[in-house]
Amino acid sequence: MERFESGQKSAEVAAALRISVRSVERWRRAWREGGEAGVLSKGSPGRPRLNEVQVARLERVLERGPLVHGWTDQRWTLARIKTLIGRLFHVSSTVEGTWRLLKRHGQSWQQPTRRAIERDDDAVEVGKKET
């Protein structure tokens, strides 16, 4: 704000703060329109966090399984849980944020094992030993 008040050009402010001119112009516009309050940080957008009541509800809903919620198999994936959180609580999250939420509440990560029907476990063991 001091730089804006002193009349420094956007390019000078950007160079001094090592940021883009476009950011400085956005800040200058916010400062003109809202004064000091216009340029104050609104905080980190971060990931929205569910409160304990919402987490408990989510756990109960997850126990019912994916079929109840319209998926065609019994696999809970992070993407599906993310979608479910959005539907239930109108909260947007990322897959990584969903994983962190589950991990914080003691959920474990499991990956389904996919094996071909034709798989011969004895041949696989022989192959492992030979190589």
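Arg100 and Glu96 are joined by a salt bridge in which the closest N and O atoms lie 2.4 Å apart. In this predicted model, both residues belong to helix α6, which spans residues 95-104, and they are separated by four residues, about one turn of the helix. Neither side of the bridge counts as buried or as exposed: Arg100 is partly exposed, with a relative accessible area of 41%, and Glu96 is likewise partly exposed, with a relative accessible area of 46%.

A search of the whole structure finds four salt bridges, and further pairings are centred on Asp73. The side chain of Asp73 meets that of Arg75 in a salt bridge with an N to O distance of 3.0 Å, and the side chain of Asp73 also meets that of Arg80 in a salt bridge, here with an N to O distance of 2.6 Å. Asp73, Arg75 and Arg80 are thereby linked in a network of salt bridges. The members of this network are covered by the protein to varying degrees, as their relative accessibilities show: Asp73 is partly exposed at 23%, Arg75 is partly exposed at 30%, and Arg80 counts as buried at 12%.

Aromatic contacts were examined next. The structure holds two aromatic pairs. Phe4 and Trp31 form a tilted pair, with a centre-to-centre distance of 5.4 Å and an angle of 45° between the planes. Because Phe4 lies in helix α1 (residues 2-5) and Trp31 in helix α3, this pair ties together parts that are 27 residues apart in sequence. Phe4 has a relative accessibility of 8% and therefore counts as buried, the limit being under 20%. In the pair made by Trp71 and Trp76, the ring centres are 5.6 Å apart and the planes stand at 70°, so the arrangement is edge-to-face. The two tryptophans fall into separate accessibility classes, since Trp71, at 17% relative accessibility, counts as buried, whereas Trp76, with a relative accessible area of 26%, is partly exposed.

Two patches are described on the surface, one charged and one nonpolar. Arg22, Arg26, Arg29 and Arg32 gather in a surface patch of positive charge. Arg32, one of these residues, lies in helix α3, which comprises residues 21-39, and its relative accessibility of 59% places Arg32 among residues counted as exposed. The nonpolar surface patch is made by Met1, Leu17, Trp27 and Val39 and covers about 330 Å². Of its members, Leu17 lies in helix α2 and counts as partly exposed, with a relative accessibility of 39%.

The loop between α2 and α3 contains residues with further local features. Arg18 is found in this loop and has a positive phi of about 55°, although Arg18 is not a glycine. Such a value stands out because most residues other than glycine have a negative phi. The relative accessible area of Arg18 is 78%, so that Arg18 is classed as exposed. Ser20 is also placed in the loop between α2, which runs over residues 10-17, and α3; with a relative accessible area of 38%, Ser20 is partly exposed. Ser20 and Ser10 are 10 residues apart in sequence, and their C-alpha atoms are 9.1 Å apart in space.

A positive phi also occurs in the loop between α5 and α6, where His90 is placed: the phi of His90 is near 55°, a positive value in a residue other than glycine. At 72% relative accessibility, His90 counts as exposed. Ser92 lies in the loop between α5 (78-89) and α6 as well, and its relative accessibility of 61% means that Ser92 counts as exposed, the class that begins over 50%. The C-alpha atoms of Ser92 and Thr77 are separated by 16 Å, the two residues being 15 residues apart along the chain.

Definitions and conventions: Residues numbered from 1 in each chain as written. Predicted model: local features only at pLDDT ≥ 70, side-chain atom pairs only at ≥ 80, totals over all residues. Heavy atoms only, no water. Patch = residues over 30% accessible without salt bridge, like charges linked within 9 Å, V, L, I, M, F, W, Y side chains within 5 Å. Areas by Shrake-Rupley, 256 points an atom, 1.4 Å probe, with all protein chains shown as cover. Lys, Arg positive; Asp, Glu negative; His and termini not counted. Charge placed at Lys NZ, Arg CZ, Asp CG, Glu CD. Helix = DSSP H or I, 4+ residues; strand = E, 2+ residues; numbered from the N terminus. Buried < 20%, exposed > 50% of the residue type's maximum accessible area, 1.4 Å probe, protein only. Phe/Tyr/Trp six-rings, centres within 6.5 Å; stacked < 30°, edge-to-face > 60°.
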